[in-house]
Amino acid sequence: MPLALVIVLTVCIHTAYAGGRVAASLLAVDLDASPAAIGVIMSLFAVLPMLFSVSAGRFIDRVGMRGPMLASAIAMIAGMLLPGAWPTLAALCVCAVIAGSGFMLYHIAVSNLVGAIGRPDERPRNFSLFSMGFSISGLAGPLVAGFAIDGLGFRAAFFVLAAIPLVTLIALLLRGRRLPRPRPAERHAERRLADLLGSRRMRVIFLVSGSLSTGWDLFTFVVPIYAANIGHSASTIGIIMATFSAATFAVRLVLPRLSRRFGEWTLLAAAFFTGAVVYVVFPLVGVAWALVALAFVLGLGLGSSQPMVMSLIYEAAPAGRAGEAVGVRTMLVNASQTFMPLLFGAVGTVLGMIPVFWTMAAILAGVGWFSRRR
C-alpha cells in the first residue's frame with residue numbers, strides 16, 4: 001500500500017478522534033459538568049490504551065496490520081455514534097473508552113507500517129510526511145466538530161464525525177490485503193519489556209516522548225475549557241485548536257532541513273522551551289486573536305518534535321519489535337492522557353487555570369534543559 005494512501009486513511013481516523021475529543025469536552029461543558037468531571041471523561045480516552053498498548057504492540061508484531069486497523073475503524077465509528085444517539089455524560093464516558101482504544105490500536109499498527117515502507121534512509125522523510133497527515137487531521141477534526149456543533153447541534157456533529165472513518169474502513173476492506181505481513185521468525189521470538197526499558201537510549205527517548213505528550217494533552221484538554229469559560233463559541237474554539245494543528249503542519253514541511261542543520265536534540269530543546277513560554281502567557285490573555293496566535297506558536301514548537309521522536313524509536317527498537325516499542329511509547333503517552341486530565345481538572349476546579357498552565361510550563365522548561373544537555 002503506498003504511503004500516500006496510508007496517510008489519507010490515517011487522516012480520516014484521526015479527524016474523527018481529534019474532533020470527537022473536542023466535541024466531547026464541549027458537550028460536557030454544555031451539560032454543566034465540572035472541570036474535574038470533564039477530566040474524568042477525557043482520561044477515559046487513554047485509560048485502556050495505557051494498560052494494553054504494549055500487549056497490542058506485540059499482537060500487531062505477530063499478526064500484522066490489517067486486522068487491527070479494521071477493528072480500529074469499526075471502533076471509531078461506533079464510538080462517535082454513541083453520543084450522537086444519546087448525548088449524555090454516561091454516553092461520553094463509553095465513547096471515550098471505545099474511541100480511545102480504537103485509535104490506540106490503529107496508531108500502533110500504522111506507525112509500524114510507515115516504518116516498514118521504503119528503505120531505512122527514507123524513514124525520517126516518511127515519518128515527517130506521516131506526521132503532516134496528523135497535522136491535517138488535527139486541524140480538520142476541531143474545525144469539523146466546532147462548526148458542526150454551532151450549525152447542526154451536538155448530536156449531528158457526532159454523526160458527521162462517525163461518517164468520516166467509513167472511508168478508512170472501506171479502503172481497508174478493498175486493499176488491506178496488500179499490507180506487509182510479519183516474518184515467521186518474528187512470531188515466536190521471546191519478548192521481554194525489560195529488554196526495551198533496559199536500553200538507556202530507549203529510556204531517554206521514552207522520557208522525552210512522555211513529556212511531549214503531557215504538553216500536547218494540556219492544550220487539547222485545558223484550552224477548550226478555558227476558552228469556553230471566558231465566553232468563546234464552539235466555532236472559535238475549533239479555530240484555536242485547528243490553528244495549533246496548522247502550525248504543526250507548517251513546521252513539518254521544513255523539518256527534514258531543520259533536522260539536518262541543527263540536529264534532533266537541539267530542535268527538541270527548542271520545542272520544549274517554546275512550549276514553556278507559551279504556557280506562561282496563555283492564561284493571561286482572553287481575546288480570540290491572541291489565543292489563536294499563541295496556539296500557532298505552540299504548534300510550531302511541539303509539532304516539530306513528534307516526527308523526530310517516532311523516527312528515533314523505530315531506529316532504536318530491536319529487530320522485529322518496532323510495534324512493541326511504539327506500544328511502550330503509547331503506554332506512556334496514554335498514562336499522561338489518563339492521569340493529567342484528572343490532575344489538571346482537580347487543580348483547575350480548586351485553584352483555577354493559571355496554576356495548571358504554569359506548572360506545565362515549568363515541566364517543559366525542565367525537559368528542555370535536559371534535552372539541551374543531550
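How much accessible surface does the protein chain have, and what percentage of that surface belongs to carbon and sulfur atoms? In this predicted model, the accessible surface comes to about 14,600 Å², and carbon and sulfur atoms account for 67% of it. The fold behind that surface is built from helices: the secondary structure of the protein chain consists of 18 helices and zero strands. Of the 374 residues in the chain, 58% are buried. When contacts between residues at least 6 apart in sequence are considered, 85% of them join residues at least 24 apart.

The interior offers a good place to begin a tour. The largest nonpolar core holds 107 residues, and the members that touch the most others are Met80, Phe219, Tyr279, Phe282 and Phe357. Helix 11, spanning residues 200–229, gives the most to this core, with 15 residues. Tyr279 shows what such a position looks like in detail. Leaving aside residues up to four places away in sequence, Tyr279 touches Gly215, Leu218 and Phe219, as well as Leu298, Phe357, Trp358, Met360, Ala361 and Leu364.

One of those partners, Trp358, also leads out to the surface. Together with Val277, Val280, Val281, Leu284 and Ile354, Trp358 forms a nonpolar patch there, with about 510 Å² of accessible area in total. Two elements each give two or more residues to the patch, namely helix 14 (264–281) and helix 18 (354–373). Helix 14 supplies the largest share, three residues. Val281 lies in helix 14, and its relative accessible area of 31% is why Val281 is classed as partly exposed, between the buried limit of 20% and the exposed limit of 50%.

Leu298, another partner of Tyr279, belongs to the buried residues of helix 15, which also include Ala290, Leu291, Leu294, Ala295, Gly299, Gly301, Leu302 and Gly303. A helical pattern is worth recalling at this point: an α-helix has 3.6 residues a turn, so residues three or four places apart point the same way. Helix 15 covers residues 288–303, 16 residues in all, and reaches 21 Å from its first C-alpha to its last, close to the 22 Å expected at 1.5 Å a residue.

A last stop is His14, which is placed in helix 1 (residues 3–30). Is this histidine, His14, buried or exposed? His14 counts as buried because its relative accessibility is 13%, and the limit for burial is under 20%. With residues up to four places away in sequence again set aside, His14 touches Phe103, Phe134, Ser137 and Gly138.

How values were computed:
Residues numbered from 1 in each chain as written. Predicted model: local features only at pLDDT ≥ 70, side-chain atom pairs only at ≥ 80, totals over all residues. Heavy atoms only, no water. Patch = residues over 30% accessible without salt bridge, like charges linked within 9 Å, V, L, I, M, F, W, Y side chains within 5 Å. Areas by Shrake-Rupley, 256 points an atom, 1.4 Å probe, with all protein chains shown as cover. Salt bridge = Lys/Arg side-chain N within 4 Å of Asp/Glu carboxyl O. Helix = DSSP H or I, 4+ residues; strand = E, 2+ residues; numbered from the N terminus. Buried < 20%, exposed > 50% of the residue type's maximum accessible area, 1.4 Å probe, protein only. Contact = heavy atoms within 4.5 Å. Core = buried A, V, L, I, M, F, W, Y, C linked by side-chain atoms within 4.5 Å. Expected span 1.5 Å × (residues − 1).
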